[in-house]
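Colleague: I have a structure open and would like to go through it step by step. Please reason each point out.

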Amino acid sequence: MIRALTVRQPWASAIAHADKRVENRTWTTQHRGPVLIHSAARLDPAANRHAPMAAIVRGLQLDLGAVIAVARIVDCHPDDGECTPWSLPDHHHWQLDQVTALPLPVPATGALQLWTPPEKVLETVRLQLDDDTAAALATDREWEGGR
């Protein structure tokens with residue numbers, strides 16, 4: 001099943017358009033596989049405290065309330081030191097790879113935790129992926145079958 005993860009801006013754009021390949025959460029996940037990266041409807045008010053990281057995404061469009069990328073969750077581990085410059089202490093580090101920014105944001109209402117996107121959102125995302133990207137992200141027939 002394809003899941004989605006809501007991430008506040010500017011961090012969602014850092015995943016989609018920069019080199020942020022870890023998402024910091026206070027909770028762990030057993031989910032491995034494809035995930036839609038959904039930008040929250042609000043900005044992260046704490047982003048200014050991370051000026052060096054926020055500077056990396058300066059100038060990027062910060063779409064709100066939309067799916068802006070697809071990725072794959074490949075690991076999740078508790079803080080074991082700084083595994084990337086994007087990692088926060090005392091958080092679980094969700095490792096991402098195969099990140100592909102969508103050409104057009106897909107409007108969607110997010111949710112807390114990992115959530116199941118509506119079929120209409122999935123269809124619109126699928127239309128924006130090339131065959132190789134879709135195949136690389138596919139882990140089950142639901143994703144492949146809708147193409």
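The questions below go from the whole chain to single residues.

Colleague: Before we start, what kind of model is this, and how many helices and strands does the protein chain have?
Modeller: This is a predicted model. Read along the sequence, the pattern of the protein chain is β-α-β-β-α-β-β-β-α-α-α. The secondary structure comes to 5 helices and 6 strands.

Colleague: What share of the 147 residues is buried?
Modeller: A residue counts as buried when its relative accessible area is under 20%. In the protein chain, which has 147 residues, the buried share is 48%.

Colleague: Among contacts between residues at least 6 apart in sequence, what percentage join residues at least 24 apart?
Modeller: Contact here means heavy atoms within 4.5 Å. Of the contacts in the protein chain between residues at least 6 apart, those joining residues at least 24 apart make up 75%.

Colleague: How many aromatic pairs are there, and what is the geometry of Trp11 and Trp86?
Modeller: The count comes to 2 aromatic pairs. The ring centres of Trp11 and Trp86 are 6.2 Å apart, and their planes meet at 75°. Planes over 60 degrees apart count as edge-to-face, so the pair of Trp11 and Trp86 is edge-to-face.

Colleague: Where in the chain do Trp11 and Trp86 sit, and how many residues apart are they?
Modeller: Trp11 belongs to helix α1 (residues 11–17), while Trp86 is in the loop between β4 and β5 (92–107). The pair therefore links distant parts of the chain, and the separation is 75 residues.

Colleague: Are Trp11 and Trp86 buried or exposed?
Modeller: Trp11 has a relative accessible area of 11%, and Trp86 has 6%. The limit for a buried residue is under 20%, so Trp11 is buried and Trp86 is also buried.

Colleague: What about Trp27 and Trp94: what type of pair do they form, and how many residues apart are they?
Modeller: Trp27 and Trp94 are 4.7 Å apart centre to centre, with 90° between the planes, and form an edge-to-face pair. Trp94 is in strand β5, and Trp27 is in the loop between β2 (22–25) and β3. The pair thus ties together parts whose separation in sequence is 67 residues.

Colleague: Which residue has a side-chain polar atom 3.0 Å from the backbone nitrogen of Trp86?
Modeller: The residue lies in the loop between β4 and β5. With a relative accessible area of 17%, it is buried. The side chain 3.0 Å from the backbone nitrogen of Trp86 belongs to Thr84.

Colleague: Which backbone oxygen does the side chain of Ser39 reach?
Modeller: Ser39 is in strand β3 (residues 33–43) and is buried, at 0% relative accessibility. Leaving aside neighbours within four places in sequence, Ser39 is in contact with residues including Asp63, Leu64 and Gly65. At 2.7 Å, its side chain reaches the backbone oxygen of Asp63.

Colleague: Is Leu64 buried, partly exposed or exposed?
Modeller: Leu64 is in the loop between α2 (51–56) and β4 (66–78), and forms a nonpolar surface patch with Leu43 and Leu62. Its relative accessibility is 42%. That value lies between the limits of 20% and 50%, so Leu64 counts as partly exposed.

Colleague: Which backbone oxygen does the side chain of Arg3 reach?
Modeller: Arg3 is in strand β1 (residues 3–9) and is partly exposed, at 23% relative accessible area. Among its contacts beyond four places in sequence are His31, Leu114 and Trp115. At 2.9 Å, the side chain of Arg3 reaches the backbone oxygen of Leu114.

Methods. Residues are numbered from 1 along each chain as its sequence is written. This is a predicted model: local features need pLDDT of at least 70, side-chain atom pairs count only at pLDDT 80 or more; totals for chains, interfaces and linings use all residues. Side-chain values use heavy atoms; hydrogens and water are left out. Patches are made of residues with over 30% relative accessible area and no salt bridge: like charges are joined within 9 Å, nonpolar side chains (Val, Leu, Ile, Met, Phe, Trp, Tyr) within 5 Å. Accessible areas come from the Shrake-Rupley method with a 1.4 Å probe; for residues, only the protein chains shown count as cover. A salt bridge is a side-chain nitrogen of Lys or Arg within 4 Å of a carboxyl oxygen of Asp or Glu. Helices (H or I, at least four residues) and strands (E, at least two) are DSSP runs, numbered from the N terminus. Buried means under 20% relative accessible area, exposed over 50%, partly exposed in between (1.4 Å probe, protein chains only). A polar contact is a pair of N or O atoms within 3.5 Å; within protein, one must be able to donate a hydrogen and the other to accept it, and residues adjacent in sequence count only if both atoms are side-chain atoms. Rings of Phe, Tyr and Trp (its six-membered ring) pair if their centres lie within 6.5 Å; planes under 30 degrees apart count as stacked, over 60 as edge-to-face and the rest as tilted.
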